[in-house]
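Welcome to a short set of exercises with worked solutions. Keep the sequence and the 3D view open, and try each task before you read on.

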Amino acid sequence: MTLVRLLSAGAVALALSAGISLAHAAEPAVAAPPPSRTAMILFLIFVVITLWITTWAARRNRSAADFYAAGAGISGTQNGLAIAGDYMSAASFLGISGLVFASGYDGLIYSVGWLVGWPIIMFLIAERLRNLGRYTFADVVSFRLEPVEIRTLAALGTLTVVAFYLIAQMVGAGKLIELLFGIPYLYAVMAVGALMILYVALGGMLATTWVQIIKSCLLLGGATFLAVMVLIHFGFSPEALFASAIAVHPDGTSIMMPGNLVGDPISAVSLGLALMFGAAGLPHILMRFFTVADARTARKSVLYATGFIGYFYVLTFIIGFGAITYLMNDPANYRIGADGTYNKVTDLIGGTNMAAVQLANAIGGSFFLGFISAVAFATIVAVVAGLTLAGASAVSHDLYTSVIAKETPSEDREVWVSKAAAVAIGIIAVFLGYVFENENVAYMVGLAFAVAASCNFPALLMSLLWRGATTRGVFIGGLLGLVSSIAGVVLGPAVWVHTLGFAHAPFPYDNPALFSMALAFGGIWLFSKTDKSKRAQIDKAGFKAQFIRSETGIGASGAVAY
Amino acid sequence: MAEAFDAQNPPFERLSHDEISQVRAALDIGYFRPGEAIIAQGQRSENLYVVIKGLVEERDGDDIESALGPKDTFDARSLVHGPAGASFVAGEETLCYLLPKALVLELIAKNTGFAAFFYSEISRKLRSYTPGRDTGGVESTLRARVRDVRFRPAVFVDASMTIKEAGHAMREFNSNTLLVRDGEAIGVITRTDLAERVVIDERPLSAAIRDICNFDLATIGIDDFIFDAVIAMTHHNKRRLIIESAGTYVGVIEDIDILGLVAGNPQLIPGQIERARKVEELTASAHDIQSQVERLRRQGARVEVIAEITSDLNRRLFAKVFDLTATPSVSEAGCLIVMGSEGRGEQTVRTDQDNGILFTHPVPDDELAAFRENFTAALESFGFPACPGNIMVRNPQWSQPIDDFLRQIKSWIVAPTDDSPMNLGIFYDAVPVTGHFELVDRAKSAMAEMMRGESAYLSRFARAIDLFEGASAGMFTSIMASVGVATDEIDIKKTGTFPIVHGVRTFAIDEGLKETSTVHRIEALAESGILSNELGRDLAGALSYFMEIRLQSQLRAVKTGKREQESIVRLNELSTRDRDLLRDALRVVKRFREVVRSRYHLSMF
């Protein structure tokens, strides 16, 4: 009920801002074509329907059970779909198809990298996380290490990852709303931010599993339809599709070769590392493993999630090439320069991030445009909600409770802090989303993965698998990874040159993961080895119990003398 | 001055004329300046105060709990039960009647109706919310039949019996009245008769009762109205009537029995239970425990008090059934426990039985099997509904030696099946009833130890609070219901009581709290800073309100025979004030749910 109400409120807010901007559109300054009214209305209808279905399914699922029956947990398939839902963000859908649209083959590096992350999670992390029976990655790492330091580190890492990840979602949503409603980007981002704050602070306490499950199904369905329509056009022959794309694309045959997007090997390795290991450090994904009943279900859910995600990336690849063939020859899709020419890549209305949405319009007209936009928008809202919740809980449970508050705060105080944090995160996200307007969203998510792979992942892996890891080592090493990855991002070309406008980037590579991960692992090793403190002995002594627990799910300490 | 004392002011209207005179003679008047403490917190009071003029504030620390005005009485608790839980401070210039403690205690001992008021006055929160008194109560009682009263069976003795023997007979049969058979004639003799003849007329103890008994019997038919009985008593100026049925005398009804029908007299039940020698003899007590719930409620007792009295009585009953059914080795090794709402002391109208037994060491199989069967069968014969979750002594899972039971708990935690969380939750509410009390403590400490740090498990456990979300007592629901689109039925158990009880229980397990009742758990949580004092207070208030209206609908459900409606409240049947209260209480639940959700990360599910 709450959700539908909120969303209708949000829809009204959007419609209102659309109205304002329509008045605004009367002024000649706006270059965008008048948005399709049909698409707009359909979009609003679809968004409301989507969210209604979500609420309905969540409720139905609940009322079927009686008191306590919920204790059993979520099934593997359900959790797999939910994980896929968390993972298939706007970045994947809009960003990867946009990258493929712009660079062809190299767009795949993201899909492949993100997919390869899953076996890593499955073999290294999933089962152990579930067996340890803790909630968040901070809880797991502080299983045997000193909680105050670890929680500080975890909270900082989580907040940074969430911030980068949110930027990508905000840019995606802002661009989508800008394109669809023809309102200025700033207003679009603000409207999305306001909606997200409303959702999380007021009604966002809705359980997210069902939101993600429904969203996964819708996104897979929508993307399948787009891809099938493209393939039908080419008689289900990928060869014909690629041939036609090569013919249309300004880069010609080179779009079928690596090197367009990531030039040098160091950048390629760095990006690859970030994408592969980052997933295992994403706070909102890691939390998905404690909702299942046992380690077996945890493994199973990763298997299903990998399947869904892999299938989805195949679709985005087809959609990207489809966009090349459908859009590039039609000037209606482009902002035409003064000389009547246009750049087939950069001048796409709404930017390359909107390739998939424009393709929907080209294939199915405003009806399908409205539908795909609504699906993409629902995707963003759901992912944003999950991220904001993870961020807010890092602030309230980790940072506030362990570090800031002088004495242990009451639980209702924590609720207040977490809501305030959600609002703050929302405002920051709007600001950053505005600043990073023209970055490719998949690229921004890549940066989030770099931070996750350099801070959260090393801390988690080393504390789980290396007996010698101590509090000091993990804290300093994790912090090194965090700081170096942020520094690498800020000093790198994307921020230093493109966003801040400097001429030359001090750090030449787009993705810092290679260096920051090495620093993190090296730091953890070095500072643990040299740690002779009393705490270090406690940390090492706790490893055996933790190891047994993480392998079997049965606490060695549970064999208390009765 | 003392004549101005209003004898109609409750509870004094329950006193007899003579007793009122006694009160008036003993009255004193006190004057208190504003801000003066009349009874300090934690102190015993030597008087019962009745406000004449002015205003008295009942304070807990700095918080004003309630304000008392003219005709209000305080403080029964510090008079009868020990130190005052709150302080009473004059809010303005105040005049009070002072009634000496000794006299009040004497009246309580003498006058059942007056005593019942004090019993129900234990928790004086009554003032903040007095349930709509059932004014039809007394009237409907008078319309009851004589056979509905728990009268004493007729005891016949021969007229040749001596006074001394009669006295012994009265004691043996626990009766104030004997029917005396003298050939064809039937007479009656009472304890008062005996006392008067011996003390005043100085008759020898060896005299036959023939000469002193009364052959002029005042009788009443067993199917007559109580109303008629009262008239007959007044008419004959007698305090007891002989009950006639089909030409024979079957029993004796006393005025106190009628009072019991109106006021309920839970203080009599423990004696009844104590005296029972066979399981069948407990049936009446089991029935009485249930019927006194409604009577206490009619008197205006708060639901907490009713629940407290009821669970105390139920536990005595359980203990007695245990004594009667347990074989020597079972009673030597056993510890009978009650769990769930019964354990938390929150059950009023019986909804189920959650009980079990732990043993210090294994007992012989055949004895155990017989006991399991007999015990549960005994309770069933009293009309205790069987537990739907099969949490009963009869179930071997719930009657085993402590070591096996601890292994059982371990397996519920390590390898949970669908009902493991439920079992853990119900067991954590266990209290020992009789036998080796320490076993429960041991099992619970072990369980808290095993659950420590099991955050994922606790969070799946806590998740049940989300099962029944979203009830609203707002305008929208009413409007939708009035046009038939939605229902205005609110399930109090699912949307009110359960989330509070279960959320608090989750915290209790997490923190290893020893308390069992939800209110005490809330207090403990507030004390350790896990919940703010404010939320703690609100929760306790909301829970009390839910229990109150649940009891209302339970009693209605029992009366109409629709047991499935037992926790349903219809919005359009509530007064505006009740609806407001319900809305506030539901809001508290919502706030608490958010706290639980945040602590246990339930938004991930």
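**Exercise 1.** Which residue of β18(B) does Phe359(B) stand opposite?

*Solution.* Please remember throughout that this is a predicted model.

Step 1. Find Phe359(B) in strand β17 of chain B, which covers residues 355-359.

Step 2. Look across to β18(B): there, Phe359(B) faces Pro401(B).

Step 3. Now place this pair in its setting. β17(B) and strand β18 (residues 399-401) of chain B run parallel and are joined by three bridges. To get from β17(B) to β18(B), the chain passes through helix α15 (residues 365-381) of chain B, and this β-α-β crossover is right-handed.

Step 4. Turn to another partner of β17(B). Strand β16 (residues 334-338) of chain B runs antiparallel to β17(B), with five bridges between them. Here Phe359(B) is the bridge partner of Gly334(B).

**Exercise 2.** Which residues of β17(B) lie on one side, and which on the other?

*Solution.* Step 1. Start from a general rule: side chains in a regular strand alternate between the two faces of the sheet.

Step 2. Sort the residues. Asn355(B), Ile357(B) and Phe359(B) belong to one side, while Gly356(B) and Leu358(B) belong to the other.

Step 3. Check the cover. Both faces of β17(B) are covered, and five of its five residues are buried.

**Exercise 3.** Which strands of the sheet β10-β11-β12 in chain B stand at the edges?

*Solution.* Step 1. Read the order: this is an open sheet of three strands, β10-β11-β12 (chain B), and its pairing is mixed.

Step 2. Count partners. β10 (156-158) and β12 (185-190) of chain B each have a single partner strand, so they are the edges, and one side of each has no neighbour in the sheet.

Step 3. Add the twist: on average, neighbouring strands of this sheet are turned by 40° against each other, direction ignored.

Step 4. Look at one pair. β10(B) runs parallel to strand β11 (residues 177-182) of chain B, and three bridges join them. Within β11(B), Arg181(B) is the bridge partner of Asp158(B).

Step 5. Add the helix. Helix α6 (residues 163-173) of chain B packs on the sheet, where it touches β10, β11 and β12 of chain B, and its direction makes about 130° with that of β11(B).

**Exercise 4.** Where does helix α14 of chain A bend?

*Solution.* Step 1. Compare spans. α14 (residues 355-404) of chain A has 50 residues, and a straight helix would reach 74 Å, but the end C-alpha atoms are only 45 Å apart.

Step 2. Locate the bend: α14(A) turns by about 140° at Gly364(A).

Step 3. Judge the surroundings. Since 42 of its 50 residues are buried, α14(A) is largely enclosed by the rest of the structure.

Step 4. Zoom in on Gly370(A), which lies in this helix. Gly370(A) has 25 C-beta neighbours inside 10 Å and so counts as buried. Its contacts, leaving out residues up to four places away in sequence, are Thr38(A), Ala39(A), Leu42(A), Phe43(A) and Phe46(A).

**Exercise 5.** Is Phe236(A) buried or exposed?

*Solution.* Step 1. Find Phe236(A) in the loop between α9 (208-233) and α10 (238-248) of chain A.

Step 2. Use the cut-off: a residue is exposed if it has 12 or fewer other C-beta atoms within 10 Å. Phe236(A) has 11 such neighbours, so it counts as exposed.

Step 3. Check the backbone: Phe236(A) is not a glycine, yet its phi is positive, about 55°.

Conventions: Residues are numbered from 1 along each chain as its sequence is written. Chains are lettered from A and ligands numbered from 1 in the order in which they are written. This is a predicted model: local features need pLDDT of at least 70, side-chain atom pairs count only at pLDDT 80 or more; totals for chains, interfaces and linings use all residues. Two strands pair if DSSP finds at least two bridges between them. Helices (H or I, at least four residues) and strands (E, at least two) are DSSP runs, numbered from the N terminus. Axes are lines fitted to C-alpha atoms, for helices over the stretch in contact, and angles run from 0 to 180 degrees between N-to-C directions. Two residues are in contact if their C-beta atoms, placed from the backbone, lie within 7 Å. A residue is buried if 20 or more other C-beta atoms lie within 10 Å of its own, exposed if 12 or fewer, and partly exposed in between; C-beta atoms are placed from the backbone. A crossover is right-handed if, with the strands pointing away from the viewer, the path from the first strand over the helix to the second runs clockwise. The expected span of a helix is 1.5 Å times one less than its number of residues.
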